[in-house]
Amino acid sequence: MESSGPSPERGPGQPQPPPAAPCAEQALLRARLALPEPGALRELEALLEAADPRWLLGSAGPAALGELAAALSRSAAPPRREADGAEPPGQDAAPAAVAERAERVGAAFLLLLRKMEAAGGQRALGTAAARPVLGHAFIFAVTHKEPRRWTTERSRAVARELLERLVQAAGCGSVEEFLRGKEGDEEGRFGAVMGLLKQELTKDTWKRNPASKDVFSWALLRVGRPWLCPHLERVLPPALLLSDDFQEENKVLGVRCLHHIVLNVPGADLCQFNRAQVVFHALYNHLYSREAPLIQAVLLCLLDLLPVLERCQRHQGHGRATSPWDQVLQLVLTHMEAEHRLALRRVYAGTLPAFVTRLGILIVRHLKRLERVILGYLEVSDGPEEKARLGILETLQCTIEHAWPRMPCRLPVLLKALLRLLWDVHTERGPSPEPVRAALLRGATQCLVLLDRCSQGRVKVLLEGVHSSCEENRVRECLRKVQESA
């Protein structure tokens, strides 16, 4: 019997064996390098559509998949801007081209996601190899899902579909769960997203990509306590960077991000490395702004930050005669006294009661200036909703309750201002609806009752003659309530 040996070489007339199929890593590399060329996205879609999931994910390493996802995301990024955020000249057609390309990129991400699901389901999507792919796909989806100059209805639909598929494929019930991870089960994808955004959120780069700040803030505001704390080092610098910009829109966005961080990170972590003090100084400087939306965002953030900062200083043994609360309130009252813009007056008056309540009896340090502010704001109507007057009446109530020993000496001035307010609200035929007028009368009456209590009935004595001579039924009703109060 002849021994079997190696097959003899084929002659010139015999067919050659088919070439070995390239490994997935080589195929993905070629597809990635060809992305800038016309028609490359269609070829990539065809490759992904025809690829066997096990071949695609079995022979392609994590680096190849991550690099492909990064290239896809970059190819549909919004047109780059100058370092100061200005748009370069001659790019009028660029946003439309980006939107058209984003449709193809979104379809490629959907195919890639489907292949990853087919290869291993949720287990495959939870591996380290999948994290960069999911991170880049998430950044792409958030970049293109809202109306922007670089999006169209079709590109937004693809982006929204991709975001929904990402959440479903990961076995999560919401975007929040997708980012933070299932409770007590896995880490989540927020860290991976912030890692990918890191280079886009530096001082020199964050304005070049107009979508970076939106993706950062959108993701940040969906991760709360206790999942945000481990990422504090990554999220605090970009938030401070945004708040320090010269454009009001970016300042407000940065302050809202800082507020979210303050609310969702434990005070002990904010106190480390003087983080709370850094945030306080950034916010305090904004109090010199004259823009109502920014002032409102800053004051709301300070109301939650100042208790944390106060505890930090107390634990460090840095007790002071004047606290950060005093610093902020002194500056706010100074601005309120001279402010004539109605929008700012409403914002200041709306937040002032919370500051008075927090200071308690220590509000006596600011009574002289606070009294001038209260009298000035009660005199001037600020529009149909009367937000400033209603806020000041609430402030006066809080002040009387907390600093009642100092009220009797101010009784003549405050009583005169409140009676004038009652008369003006009743007699003026302005644009304010009836519920607002009723709220003003109710607030003024309550202030008179509180003043009477802290002055041991002096208000009732002074109002006896007024009540008997007043012919206006509505004003008489308010005075009667004061007279009958216990």
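Is Glu 385 buried, partly exposed or exposed? At 48% relative accessibility, Glu 385 counts as partly exposed. The legends below describe close-up views of a predicted model.

**View 1. Glu 385 and its salt bridge with Lys 387.** The side chains of Glu 385 and Lys 387 meet in a salt bridge, with an N to O distance of 3.3 Å. Lys 387 has a relative accessibility of 46% and counts as partly exposed. Its partner Glu 385, at 48%, also falls into the partly exposed class.

**View 2. Glu 153 and Arg 160 joined by a salt bridge.** The closest N and O atoms of Glu 153 and Arg 160 are 3.3 Å apart. Glu 153 is partly exposed, its relative accessible area being 48%. Arg 160 is partly exposed as well, with a relative accessibility of 34%. The pair belongs to a network of salt bridges that links Glu 153, Arg 156 and Arg 160.

**View 3. The salt bridge between Lys 207 and Asp 245.** The side chains of Lys 207 and Asp 245 meet at 2.7 Å, N to O. This pair links distant parts of the chain, with the two positions 38 residues apart in numbering. Lys 207 sits in the loop between helix H9 (190–197) and helix H10 (212–220), while Asp 245 sits in the loop between H11 and H12. Lys 207 has a relative accessible area of 11% and is buried. Asp 245 is buried too, at 8% relative accessibility. Both values lie under 20%, so each residue counts as buried.

**View 4. The surroundings of Asp 245.** Asp 245 lies in the loop that runs between helix H11 (232–243) and helix H12 (248–264). Leaving aside residues up to four places away in sequence, Asp 245 touches Trp 206, Lys 207, Asn 250 and Lys 251. Two of these neighbours also make polar contacts with the side chain of Asp 245. One polar contact, of 2.7 Å, joins the side chains of Asp 245 and Lys 207. Another, also of 2.7 Å, runs from the side chain of Asp 245 to the side chain of Asn 250. With a relative accessible area of 8%, Asp 245 is buried.

**View 5. Salt bridges across the whole structure.** A search of the whole structure finds 25 salt bridges. Among them are the pair Lys 387 and Glu 385, the pair Glu 153 and Arg 160, and the pair Lys 207 and Asp 245.

Terms used:
Residues are numbered from 1 along each chain as its sequence is written. This is a predicted model: local features need pLDDT of at least 70, side-chain atom pairs count only at pLDDT 80 or more; totals for chains, interfaces and linings use all residues. Side-chain values use heavy atoms; hydrogens and water are left out. Helices (H or I, at least four residues) and strands (E, at least two) are DSSP runs, numbered from the N terminus. Buried means under 20% relative accessible area, exposed over 50%, partly exposed in between (1.4 Å probe, protein chains only). A polar contact is a pair of N or O atoms within 3.5 Å; within protein, one must be able to donate a hydrogen and the other to accept it, and residues adjacent in sequence count only if both atoms are side-chain atoms. Contact means heavy atoms within 4.5 Å. A salt bridge is a side-chain nitrogen of Lys or Arg within 4 Å of a carboxyl oxygen of Asp or Glu.
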